Amino acid sequence: QVSWLPVPGGGLMASELLTLARRSLRCVEWGKLTPELMHGSICGNDAADIRHLYTLSRDVLPGETVDFFLSHSWYDDGDLKMLRLQSVAESFHSQHGRYPTFWIDKFCIDQNHISDS
C-alpha cells in the first residue's frame, strides 16, 4: 500500500518522508542543558531569545539512537523540569556509563524555521 502525506509545497511518499526524517534527526547532549535554558517564554515581555537554541543540538550520528524524547512547554516550572531531567540523566549514567541524549523540540526543531521541520 502506498501512502501519501501532505507536505507544504508538494507530497512525499511515506517512505521518502521517513528517510528525510532520519537524515534530519537531531539530539541535544545532557551537558548542553542548563537550568536557564529550561526557563523563558516565546511571547510577551519576558520572551526568550530563541535564535541560538537549535545550535545547541547536533545531528544524530549513523547507528546512534536518541535516548529520550521530550516536548518542552514554555510555561512549565523550569527548575522542577531540570531537577527531573538531572535525576533521569544520573540514573541513565549509572546504568549505561554515559549520559543520555535527548530530543527536545525546543532545541531540535529550528524555532526560526518551524515549518521546515
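## Report on the predicted model

The protein has a secondary structure of 3 helices and 6 strands. Read from the N terminus, these elements follow the order β-β-α-β-β-β-α-β-α. The model is predicted. Its mean pLDDT is 81, and 78% of the residues reach 70 or more. Confidence is low in one stretch: over residues 43-47 pLDDT stays under 50, and the model has 4 contacts beyond four places in sequence for these residues.

Of the 117 residues, 26% count as buried. The exposed surface comes to about 7900 Å², with 56% of it supplied by carbon and sulfur atoms. Among contacts with a separation of 6 or more, 72% are between residues 24 or more positions apart.

### Nonpolar core

The largest nonpolar core has 13 residues, and those with the most contacts inside it are Val 28, Trp 30, Leu 33, Met 38, Phe 102, Ile 104 and Phe 107. Helix 2 (78-96) and strand 6 are the elements that give two or more residues to this core. Helix 2 provides the largest share, 3 residues.

Phe 107 touches Val 28, Leu 33, Leu 37, Met 38, Leu 53, Tyr 54, Leu 56 and Ser 57, leaving aside residues up to four places away in sequence.

### Ser 57 and Thr 101

Ser 57 sits in the loop between strand 3 (26-29) and strand 4 (58-59). Its relative accessibility is 5%, so Ser 57 counts as buried. Beyond four places in sequence, Ser 57 touches Arg 26, Cys 27, Val 28, Phe 107 and Cys 108. The side chain of Ser 57 also reaches the backbone oxygen of Phe 107 at 3.1 Å. The C-alpha atoms of Ser 57 and Asp 110 are separated by 9.6 Å, although these residues are 53 residues apart along the chain.

Thr 101 belongs to strand 6 (residues 101-104). Thr 101 counts as buried because its relative accessibility is 5%. Leaving aside residues up to four places away in sequence, Thr 101 touches Cys 27, Val 28, Glu 29, Arg 58, Glu 64, Thr 65, Val 66, Asp 67 and Phe 68.

### Salt bridges

Side chains of opposite charge can pair when their charged atoms come close. The count here comes to 5 salt bridges. The table gives some of them.

| Pair | Closest N to O distance |
|---|---|
| Arg 26 and Asp 59 | 2.9 Å |
| Glu 29 and Arg 58 | 2.5 Å |
| Lys 81 and Asp 76 | 3.8 Å |

Arg 26 forms its salt bridge with Asp 59. Arg 26 lies in strand 3 and Asp 59 in strand 4, so this pair ties together parts that are 33 residues apart in sequence. Arg 26 counts as buried at 10% relative accessibility, whereas Asp 59 counts as partly exposed at 45%.

Glu 29 and Arg 58 meet through their side chains. With Glu 29 in strand 3 and Arg 58 in strand 4, the pair ties together parts that are 29 residues apart in sequence. Glu 29 is partly exposed, at 34% relative accessible area, and Arg 58 is partly exposed at 22%. Glu 29 and Arg 58 are also linked with Glu 64 in a network of salt bridges.

In the pair of Lys 81 and Asp 76, Lys 81 counts as buried at 11% relative accessibility, while Asp 76 counts as partly exposed at 43%.

Conventions:
Residues numbered from 1 in each chain as written. Predicted model: local features only at pLDDT ≥ 70, side-chain atom pairs only at ≥ 80, totals over all residues. Heavy atoms only, no water. Helix = DSSP H or I, 4+ residues; strand = E, 2+ residues; numbered from the N terminus. Buried < 20%, exposed > 50% of the residue type's maximum accessible area, 1.4 Å probe, protein only. Contact = heavy atoms within 4.5 Å. Areas by Shrake-Rupley, 256 points an atom, 1.4 Å probe, with all protein chains shown as cover. pLDDT = per-residue confidence, 0-100. Core = buried A, V, L, I, M, F, W, Y, C linked by side-chain atoms within 4.5 Å. Polar contact = N/O pair within 3.5 Å; in protein donor to acceptor, adjacent residues only side chain to side chain. Salt bridge = Lys/Arg side-chain N within 4 Å of Asp/Glu carboxyl O.
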